[in-house]
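Here is a briefing on one protein structure. It covers strands first, then helix packing.

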Amino acid sequence: MKASIFTLGCRVNQYESDAVAEMLAGVGFEIVPFGEECDITVINTCTVTAESDRKSRQHIRRAKSFSPEGAVIVTGCYAQIAAEGALSAGAAAVVGNGEKSKIADIALSLVNGERDIKCVGDILTAPYDRVSVSKPTRARAYIKIEDGCENRCAYCIIPKARGGVRSRPVDDVISEISAIAKKGYSEVILTGIETASYGRDLSGIGLSELLLEVGRIDGIERITMGSLEPTVMNEAFVENLARVRGLLPHFHLSIQSGCTRTLNRMRRKYTAEKALSAIERVRRYIPEATFSADVIVGFPGETEEDFLETVEFCRRARFLHLHIFPYSIREGTEAATMPDQVPEPIKKQRAATLAAVGEEIQNEILEKYILEHGESSPAYVLCETYKNGISNGHTEHFIECDFETDESRIGEIVPVAIVGRLGSVLLGKALVK
């Protein structure tokens, strides 16, 4: 029996796809690349935008064309929101976000001739679905610590697809990370749908306390987090962050806007001033910290003045990476019916303007980084891929780096002298033999 998996969307989906692959292998399936003829294809979908829905349906149809006699299992957020749509696109089974642990058994049923299986429970009452990964497929190992979100932002459908906050028990997290550390993995990325909410449904522990526990695991040298919100970054939280052994000094923030009026319309729970204060607080405790951020431009009602406030906010925050999204209407959300929708040409213009500002800031940061990280003070890069004498990975500050090596060092953290860059990618030479 053969199975393939195609993943759309976020890191949580990528982690869950790895877990599904292990479960399928455990019941006898050989995992093959997507596109090869096989008995079972799993499409792990996304529904964050209307375009995500379209791509999810497209890949269901592609899977059927690759393996006309095989069966397609559709899971993930599109499956949760639009089970009937997935079935009509060609799925033989639809599995919701609270039921992924059942996929291997459902796959066996499909091989035995069953069809039109619908396994989509009420995500609002679903418990944490305990799937795990024993051998991550990437050098930077994703570890899911939380599912669900309760922010109810005006533009977002995800709470309907993922339900409320459900934190993974601490012992489960520590056990999984300890096991992969013994297999040689040295960096973990703690991820979730709303990572900052970890522990809200547990007693006596939150994200920073979990991070302190992870930092005590032998073999784990680098720890990265998923997106954070400014609301969690109070004095006590940031003080704890500074104490976590191995925590990398780069933080990805779900900012969305640098204008308080726009944030209020988005139903975000902070102001632009509070967000900037959170960034400055981290820099007080971790002076070398760098930041990246998600920003939406062209949200309904955003004026030119509002947009320029976001531009100024980004200049003051000095983000190393900006992930810029022109607002996209998502049916089923409050924002889809808001008045004063911004015309598409203006959205594109604002995205381009902000991207130019982001590139200017990034160039300044990278040029300074090159000067500071020569042979006497190297950057440390986790080697993630290797080809023809060139390794690629990320520095402690999450800057991509290509560097010359004599042999593959995948999984190793290598001291690298930075000698230049090609765009946003650093160029260097390994200082080890």
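Helix axes here are lines fitted to C-alpha atoms over the stretch in contact, and angles run from 0 to 180 degrees between N-to-C directions. The model is predicted. The points below take up an open sheet, a buried strand and two helix pairs.

**The six-stranded sheet**

- Six strands make an open sheet with parallel pairing. Their order is β2-β1-β3-β4-β5-β6.
- The edges are β2 (30–31) and β6 (117–119). Each of these pairs on one side only.
- Strand β3 (residues 40–45) runs parallel to strand β4 (residues 71–76). Six bridges join the two.
- Within that pairing, Thr 45 has Gly 76 of β4 as its bridge partner.

**Helices across the sheet**

- Helix α1 (residues 11–26) lies across β1 (2–7), β2 and β3. Its direction is at about 175° to β1.
- Helix α2 (residues 50–66) lies across β1, β3 and β4. The angle between α2 and β3 is about 175°.

**Strand β11 and its partner**

- Strand β11 spans residues 250–256, and seven of its seven residues are buried, so the strand is largely enclosed by the rest of the structure.
- His 250, His 252, Ser 254 and Gln 256 point one way from β11. Phe 251, Leu 253 and Ile 255 point the other way. Residues of both sets are buried.
- Strand β12 (residues 290–297) pairs with β11 in the parallel sense, over six bridges.
- Leu 253 has Ala 293 of β12 as its bridge partner.

**Helices α11 and α12**

- Helix α11 (residues 272–285) packs with helix α12 (residues 304–317) at an angle of about 10°. Their axes are 11 Å apart.
- Angles under 35 degrees count as roughly parallel, so α11 is roughly parallel to α12.
- From α11, the contact draws on Ala 272, Ala 275, Leu 276, Ile 279 and Arg 283. From α12 come Phe 313, Arg 316 and Ala 317.
- By class, this contact holds six nonpolar, no polar and two charged residues.

**Helices α7 and α8**

- Helix α7 (residues 170–182) and helix α8 (residues 207–214) pack at about 30°, with axes 10 Å apart.
- The crossing of α7 past α8 is right-handed.
- Val 170, Val 173, Ile 174 and Ile 177 of α7 make the contact with Leu 210, Glu 213 and Val 214 of α8.
- Six residues of this contact are nonpolar, none is polar and one is charged.

Conventions: Residues numbered from 1 in each chain as written. Predicted model: local features only at pLDDT ≥ 70, side-chain atom pairs only at ≥ 80, totals over all residues. Heavy atoms only, no water. Pairing = 2+ DSSP bridges. Helix = DSSP H or I, 4+ residues; strand = E, 2+ residues; numbered from the N terminus. Contact = heavy atoms within 4.5 Å. Buried < 20%, exposed > 50% of the residue type's maximum accessible area, 1.4 Å probe, protein only. Parallel < 35°, antiparallel > 145°, perpendicular 65-115°, else oblique. Nonpolar A, V, L, I, M, F, W, Y, C, P; charged D, E, K, R; others polar. Left-handed = near helix turned anticlockwise from the far one by under 90°.
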